[in-house]
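This report describes selected features of a predicted model. The sequence and structure come first, followed by notes on packing, sheets and individual residues.

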Amino acid sequence: MKPVKVGLLGLGTVGTGVVRIVEGNQEDLSSQVGSPIVIEKIAVKNTEKERVIAVDRAKLTEDPWEVIRHPDIDVIVEVMGGIDQTKEYILEALERGKHIVTANKDLMALHGTEILAKAQEKQCDVFYEASVAGGIPIIRTLIEGFSSDRITRIMGIVNGTTNFILTKMSQEGASYEEVLAEAQTLGYAESDPTSDVEGLDAARKMAILSTLGFRTNVELKDVTVKGISSVTREDIMYAKRLGYEMKLLGIADRIGDEITISVQPTMVRQNHPIASVNGVFNAVYVHGEAVGETMFYGAGAGELPTATSVVADIVAVTKNLKLGVNGLKAIVPYKIKRLQSDEQIVSKNFILLHVDDKAGVLAQITQIFAEYDVSLASVVQQPNEHNPDAEIIIVTHNASKASMDKVLKHFESLSVIRRIKSVYRVEG
């Protein structure tokens, strides 16, 4: 049985997990694919570095091109990160007829269409299950499990760092700044957490999921993004009081052939399954016209959960090699992209206003909502001992983004409104 030889770009957390699984589960893997899977060469930054696993130093190189150009390597596994230089490595590997497995969501979100087109041209596989939601097999599910269905909604918690922060704020009443510092100490957040907390990481993942689910080329610029850095303990307290949990949700909707994708802090009704997804865990909710509602839950990151998805992709490539069908399963977007207008994008909304504490204010505010045809589900006015102004909490029925933008703009010019404190989407 001729072994399938793998070249590994990167030996960090995920790369280490890949080596552990491939070497530790060799008997099971060989029985699945009919031949051994061998890690032939590994590109690292420093070959002399002490590592947490034993690796034959003869397999290490500091030159990624040595891995890419190795004549015996069948599959390149990219877990090194990066975008522009990494793209060059991947395209050159495809040019040489090598199959690709990657965990790089940034690369696939920005250049996935080009990479997949090159793979199709060269009849090579490009699999990237680990790029979204760690150990949850959501990409393969979208491509294969829902191949006979028409997906109308993808909604998910796809960033563990922000979910950890919002969970701790909700359960312990801590501030955003306090929990962020804890997340950095625990290694859940980077020293520069911008990509996570401002929603950019989740936006890239939603671009990938939307491209696959809707079969159209969704770019990062098509995703409306708002992060969690402005979420306060007060916001979460009011959410809980109204029966909601605050989550950073990626939401992709399709009505007919028109789509909209966003990432934003969202108040989710507590009886919705996604509201109970806590800590660093991820969950992706998918609605299909035929299958109805489904939800996928699991670890969104970490050495072994993510490496499990990477090795599953290596197995898929190897099976295709045995069958001679590499390059036939790539999903290249084929539908014309049509984005919904602001008039078509609808949602419920939570608004917290600080207003003058005097008679007639509430009447003025409700009149503005009526003027722009936004109906209200609930209105609560109450004093706050920490705030000399009155607070008005409003939850709307479904309203268009265009109408809500007009309402909020009108509020800015209304003298009795001291501050538009918070505005959030509401689900459920």
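## Packing of α7 and α8

Helix α7 packs against helix α8 (residues 176-186) with the two axes 9 Å apart and at an angle of about 130°. That angle makes α7 oblique to α8. The crossing of these two helices is right-handed. On the α7 side the contact is made by Phe164, Ile165, Lys168 and Met169, and on the α8 side by Tyr176, Val179, Leu180, Glu182, Ala183 and Leu186.

Asn163 also belongs to helix α7, which spans residues 160-172. Asn163 counts as buried because its relative accessibility is 1%. Apart from neighbours within four places in sequence, the residues in contact with Asn163 are Ile157, Lys247, Val277, Asn278, Gly279 and Phe281.

## Packing of α1 and α12

A second helix pair is formed by α1 and α12 (residues 303-323), whose axes come within 8 Å and cross at roughly 60°. This crossing angle makes α1 oblique to α12. The handedness of the α1 and α12 crossing is right-handed. From α1 the contact involves Thr13, Val14, Thr16, Gly17, Val18, Arg20, Ile21 and Val22, while α12 contributes Glu303, Leu304, Thr306, Ala307, Thr308, Val310, Val311 and Ile314.

Helix α1 (residues 13-24) also lies across strands β1 and β2 (37-43), and runs at about 155° to β2.

## The parallel sheet

Strands β1 and β2 belong to an open sheet of 6 strands, paired in parallel and ordered β3-β2-β1-β4-β5-β6. At its edges are β3 (60-61) and β6 (126-127), each of which pairs on one side only.

Within this sheet, β1 (residues 4-9) is joined to β4 (residues 75-78) by 4 bridges in the parallel sense. Gly7 has Ile76 of β4 as its bridge partner.

## Nonpolar cores

The largest nonpolar core contains 74 residues, and Val126, Ile138, Ile139, Leu142, Ile165, Leu209 and Phe350 have the most contacts inside it. The element that gives the most to this core is helix α10 (residues 200-214), with 8 residues. A second core, separate from this one, has 31 residues, including Val6, Val14, Leu29 and Val75.

Three of the names in these cores recur elsewhere in this report. Ile165 is among the α7 residues in contact with α8, Val14 is among the α1 residues in contact with α12, and Phe350 is one of the residues in contact with Ile394. Ile139, not counting residues up to four places away in sequence, touches Tyr128, Glu129, Ser131, Val132, Ile208, Leu209 and Leu212.

## Strand β13 and its partners

Strand β13 (residues 346-355) is mostly covered, with 8 of its 10 residues buried. Pairing with strand β16 (residues 399-400) is antiparallel and uses 2 bridges. Here Ser347 stands opposite Ala399 of β16. Strand β17 (residues 417-427) also runs antiparallel to β13, and 8 bridges join the two. In that pairing, Asn349 stands opposite Arg425 of β17.

## Ile394 in β15

Ile394 sits in strand β15 (residues 387-396). Its relative accessible area is 1%, so Ile394 is buried. With neighbours within four places in sequence left aside, Ile394 is in contact with Asn349, Phe350, Ile351, Leu353, Ile365, Phe369, Leu376, Ser378 and Val379. Val380 is 14 residues from Ile394 in sequence, and the C-alpha to C-alpha separation of the two in space is 6.5 Å.

## Residues with positive phi

Ala133 is not a glycine, yet has a positive phi of about 65°. Ala133 lies in the loop between β6 and α6 (138-145). With a relative accessibility of 1%, Ala133 counts as buried.

Arg215 is likewise not a glycine and has a positive phi of about 60°. The loop that holds Arg215 runs between α10 and β8 (223-225). Arg215 has a relative accessibility of 13% and therefore counts as buried, since the cut-off is under 20%.

Definitions and conventions:
Residues are numbered from 1 along each chain as its sequence is written. This is a predicted model: local features need pLDDT of at least 70, side-chain atom pairs count only at pLDDT 80 or more; totals for chains, interfaces and linings use all residues. Side-chain values use heavy atoms; hydrogens and water are left out. A nonpolar core is a set of buried Ala, Val, Leu, Ile, Met, Phe, Trp, Tyr and Cys residues joined through side-chain atoms within 4.5 Å. Buried means under 20% relative accessible area, exposed over 50%, partly exposed in between (1.4 Å probe, protein chains only). Contact means heavy atoms within 4.5 Å. Two strands pair if DSSP finds at least two bridges between them. Axes are lines fitted to C-alpha atoms, for helices over the stretch in contact, and angles run from 0 to 180 degrees between N-to-C directions. Angles under 35 degrees count as roughly parallel, over 145 as roughly antiparallel, 65 to 115 as roughly perpendicular and the rest as oblique. A crossing is left-handed if the near helix is turned anticlockwise from the far one by less than a right angle, and right-handed if clockwise.
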